[in-house]
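The report below describes one protein chain, beginning with a pocket and moving on to the fold and its interior.

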Amino acid sequence: QVWRSRPWGKGKRGAAAAPKKALVKKAATKAPPKYCPRAEALTKQIAELAKSKQLKKAIDTFQRFEHEGLEPTVYTFSSLINAHVRSGDLAGAETCMKNMKTLGIEPNVSIFTILLKGHSQIGNIRVARALLDEMVAQGVAPDVRAINTFLRGCLNAGEVPLARDVFGVR
């Protein structure tokens, strides 16, 4: 199991420390899209719609990227995935992540944390565990927020033994 090695290292009193550099994925060779004020504005709009759980409007706003010939960024997908999760549409969030990967955009720690939160909130702790493993396998080091999200989900679902097993705590 990937998690048995505790890839983020040992911290004081069991707290998570900074991830080891070997786990952090090297920068993609693909150049980031050029800065575009319109794309940034649409991404911010999607993020605001996600906060108020307006999924349909968020999707409509995302579709403007294609209609206007703009390239969505990892932040655009992060906002859209968050809108899906906050609205209770985990299947839609997973589809967004697949579409993002198809476009050559790799998920970051924020996207994995959003998905962890969604699955944890509905008690899909085994799926959340699989996401942690996928995260590490893709070279994305979990940060404190991702770890806390998973631990909170385990606690709320009564899966403390799973949390102990994942993090090697006896």
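## The second largest pocket

Fourteen residues, given as 14 in the count, line the second largest pocket, and those nearest its centre are Thr 113, Ile 114, Lys 117, Arg 145 and Thr 149. The model is a predicted one, and the pocket's volume in it comes to about 360 Å³. Helices α3, α5 and α7 are the elements that give two or more residues to the lining of this pocket, and the largest share, six residues, comes from α5. Sorted by class, the lining holds one nonpolar residue, eight polar residues and five charged residues.

## Fold and surface

The protein chain has eight helices and zero strands, so that definition of its elements by sequence order gives the pattern α-α-α-α-α-α-α-α. Of its 170 residues, 39% count as buried, and its accessible surface comes to about 10,200 Å², of which 55% belongs to carbon and sulfur atoms. Among contacts between residues at least 6 apart in sequence, 61% join residues at least 24 apart.

## The nonpolar core

In soluble globular proteins, nonpolar side chains tend to be buried together. The largest nonpolar core of this chain has 41 residues, of which Ile 81, Leu 115 and Phe 150 touch the most other members. Each of the helices tabulated here supplies at least two residues of this core.

| Helix | Residue range |
|---|---|
| α1 | 37–51 |
| α2 | 55–67 |
| α3 | 74–86 |
| α4 | 90–102 |
| α5 | 109–121 |
| α6 | 125–137 |
| α7 | 144–156 |
| α8 | 160–167 |

Helix α3 gives the most to this core, with six residues. With residues up to four places away in sequence not counted, Leu 115 touches Ile 81, Val 85, Ala 93, Glu 94, Met 97 and Leu 131.

## Leu 162 in the last table entry

Is Leu 162, a residue of helix α8, buried or exposed? Leu 162 counts as buried because its relative accessibility is 6%, and the cut-off for that class is under 20%. Leaving aside neighbours within four places in sequence, Leu 162 is in contact with Ile 125, Arg 126, Arg 129 and Phe 150. Of these partners, Arg 129 is 33 residues from Leu 162 in sequence, while the C-alpha atoms of the two residues are 8.8 Å apart in space. Phe 150, another of the partners of Leu 162, is also one of the core residues that touch the most other members.

Technical notes
Residues are numbered from 1 along each chain as its sequence is written. This is a predicted model: local features need pLDDT of at least 70, side-chain atom pairs count only at pLDDT 80 or more; totals for chains, interfaces and linings use all residues. Side-chain values use heavy atoms; hydrogens and water are left out. Helices (H or I, at least four residues) and strands (E, at least two) are DSSP runs, numbered from the N terminus. Buried means under 20% relative accessible area, exposed over 50%, partly exposed in between (1.4 Å probe, protein chains only). Contact means heavy atoms within 4.5 Å. Accessible areas come from the Shrake-Rupley method with a 1.4 Å probe; for residues, only the protein chains shown count as cover. A nonpolar core is a set of buried Ala, Val, Leu, Ile, Met, Phe, Trp, Tyr and Cys residues joined through side-chain atoms within 4.5 Å. On a 1 Å grid over the protein atoms alone, a cavity is a set of points where a 1.4 Å probe fits but cannot get out, and a pocket is an open set with protein on both sides within 12 Å along at least five of seven lines; lining residues have an atom within 4 Å of a point. Grid points are joined across faces, edges and corners, and a volume is the space filled by probe spheres set on the points. Ala, Val, Leu, Ile, Met, Phe, Trp, Tyr, Cys and Pro count as nonpolar, Asp, Glu, Lys and Arg as charged, and the others, Gly among them, as polar.
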